[in-house]
Amino acid sequence: MRLLFLCCLIVGTPLLAAPIQLKLLEWGYLPAGYEQQFADYARANGMEVTVSRVEPLLTDFDSVYRALRTRSADVVMPTSYFYKAHHHPLFKLLLPIDFSRLSHYPELKPTLRNTEYDKQGERSYSVPFIYAMFSLAYDSKQIAQAPTSWQVLADDLSYGQFAVFCDQFEPLLFSVLLSLGKSPALFASGEMLADQSLQREVERLLTRRLKSSRSFWFNQTNSCEALRQQRLATTWGLELVECNRQNGQQWRIAMVQEGAIYALDALSIARHVKDDPDKLKAAYLLIDFLLSAPLQSRMLAGNPTISGSNLAARPPLTPEELAVLPERAMPEFDERLLVPALPAHIKNRYKRMIQQALVASGKAELAKQCPWDVEN
């Protein structure tokens, strides 16, 4: 009788379903506690879901590709130029996005709702998440009038007053082309190589900029010690508030007429997730959570030069944070100015241009500290 009673008890008690487990490959800048916040968000939307961060973190194209190939990540956060790099292999490992399943998608900035970097045919494979500007900055204590062009880096008065970014070579060469007032499309397509006079002019200005620079910087930020020696800087803006505080300077972003250069991180779903309808639903829920204005506002706090994709993601700024922004509003995102995915034959020719300019400028030895891959 006791055995029968236990059997009846087991049959009559509903079993609690195990929570769906999602694995997210990200860069490491999401706000602390986002995992629990997402679990609460999912529960409020009728699902039991947990998310864990894939280790090691995302670092480059290979880390995304490897995670997708081994099915060790369900949702990934590639940089925009990863999608069409290396003959487009990511598209085979990702799902096209159904935007109708994202309640926060209509809240995205209009310029981010019809992108080309992630399209194959008519289908999009990502949702834009966050972007940064590679721009020109100046110490307004030393320079009264804000620079208005990348050309200032070729002026004689700028000699020894800035450093060259060298995590990757594309922003350097791209900004040199822009300083000539040329279309961004000439860089992405490689068409500037077909115009010999234009190529010679780019090479001349590239060599001049390298010769005028005092050093190189990498790992995404200039050091405050280096900025103490400078009046100008190329920057993603991440260090400016802290360096103003440490150095007693007044670094500020300059609005160059040719436009800043953008880097964008996006959100995508691994193709293998489609085999599990519940996990697919949970993956869309995670992306929707990451697109929400509250999450993006928490993430952007303290980073005035970084922008979220949600139009309403505007965390309050301190006076120190406001002080590094340009006097007029930051420009709208412009996809034409994204760091592009370059075909190998174009990329290799650009690398040769950089190599030759480093030698001609006398900076080849100093550049050996740089992590860019111009030698390969």
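**Group meeting: loops, a buried helix, cavities and a pocket**

Asparagine 219 sits in the loop between strand E8, residues 215–217, and helix H7, residues 224–227. Before I go on, a reminder that this is a predicted model. I start with asparagine 219 because its backbone stands out against a general rule: most residues other than glycine have a negative phi, and most peptide bonds are trans. Asparagine 219 is not a glycine, yet its phi is positive, near 60 degrees. Is asparagine 219 buried or exposed? Asparagine 219 is exposed, with a relative accessible area of 58%.

Histidine 86 goes on the list beside it. Its phi is also positive, about 55 degrees, and this residue is not a glycine either. You will find histidine 86 in the loop between strand E3, 75–76, and strand E4, 119–120. The relative accessible area of histidine 86 is 54%, so this residue counts as exposed.

The other backbone item is a peptide bond. Glutamate 55 and proline 56 are joined by a cis peptide bond, with omega at about -5 degrees. Proline 56 belongs to the loop between strand E2, 49–53, and helix H3, 61–69.

Now to helix H4. How many residues of H4 are buried? The count is 10 of the 10, so the helix is largely enclosed by the rest of the structure. The buried residues of H4 include Glu170, Pro171, Ser175 and Ser179, along with Leu172, Leu173 and Phe174. What covers the buried residues of H4? The cover includes three strands and three helices by name: strand E6 (127–139), E7, strand E11 (261–269), helix H5 (185–189), helix H6 (196–212) and helix H12 (344–361).

Just past the end of H4, glycine 181 has a positive phi of about 75 degrees. A little further on, proline 184 lies in the loop between H4 and H5. Proline 184 has a relative accessibility of 10%, and buried means under 20%, so proline 184 counts as buried. Setting aside neighbours within four places in sequence, proline 184 is in contact with Phe174, Leu178, Arg336 and Leu337. Of these, Phe174 and Leu178 are buried residues of H4. For a sense of distance, proline 184 and valine 273 are 89 residues apart in sequence, and their C-alpha atoms are 37 Å apart in space.

Next, the nonpolar core. The largest one has 128 residues, and those with the most contacts inside it are Phe38, Met192, Tyr350 and Trp372. This core takes at least three residues from each of two domains, domain 1 (20–130 + 263–308) and domain 2 (132–261 + 318–368). Take tryptophan 372 from that set. Not counting residues up to four places away in sequence, tryptophan 372 touches Phe165, Cys166, Asp167, Gln168, Phe169, Leu172, Phe216, Ile354, Leu358 and Ala367.

That brings us to enclosed space. A search of the whole structure finds 2 cavities of 30 Å³ or more. The largest cavity has a volume of about 50 Å³. Which residues line the largest cavity? They are Phe134, Leu153, Phe162, Ala163, Val164, Phe165, Leu172, Ser175, Arg209 and Thr234. Strand E7 (163–165) and helix H4 (170–179) are the elements that give two or more residues to this lining, and E7 gives the most, with 3 residues. By class, the lining has 7 nonpolar, 2 polar and 1 charged residues. Two names on that list, Phe165 and Leu172, are also touched by tryptophan 372.

The second largest cavity has a volume of about 40 Å³. Its lining is made of Tyr131, Met133, Tyr262, Thr305, Ser307, Met330 and Pro331. These divide into 5 nonpolar, 2 polar and no charged.

Last, an open site. The second largest pocket has a volume of about 480 Å³. The pocket is lined by 20 residues, and the closest to its centre are Lys109, Pro304, Ser307, Arg314 and Met330. Ser307 and Met330 also line the second largest cavity. Which strand gives the most to the lining of this pocket? Strand E12, residues 306–308, does, with 3 residues. The lining has 13 nonpolar, 3 polar and 4 charged residues, and domain 1 and domain 2 each supply at least three residues.

That is the end of my list.

Conventions: Residues are numbered from 1 along each chain as its sequence is written. This is a predicted model: local features need pLDDT of at least 70, side-chain atom pairs count only at pLDDT 80 or more; totals for chains, interfaces and linings use all residues. Side-chain values use heavy atoms; hydrogens and water are left out. On a 1 Å grid over the protein atoms alone, a cavity is a set of points where a 1.4 Å probe fits but cannot get out, and a pocket is an open set with protein on both sides within 12 Å along at least five of seven lines; lining residues have an atom within 4 Å of a point. Grid points are joined across faces, edges and corners, and a volume is the space filled by probe spheres set on the points. Helices (H or I, at least four residues) and strands (E, at least two) are DSSP runs, numbered from the N terminus. Ala, Val, Leu, Ile, Met, Phe, Trp, Tyr, Cys and Pro count as nonpolar, Asp, Glu, Lys and Arg as charged, and the others, Gly among them, as polar. A nonpolar core is a set of buried Ala, Val, Leu, Ile, Met, Phe, Trp, Tyr and Cys residues joined through side-chain atoms within 4.5 Å. Buried means under 20% relative accessible area, exposed over 50%, partly exposed in between (1.4 Å probe, protein chains only). Domain bounds come from an automatic or database domain assignment. Contact means heavy atoms within 4.5 Å.
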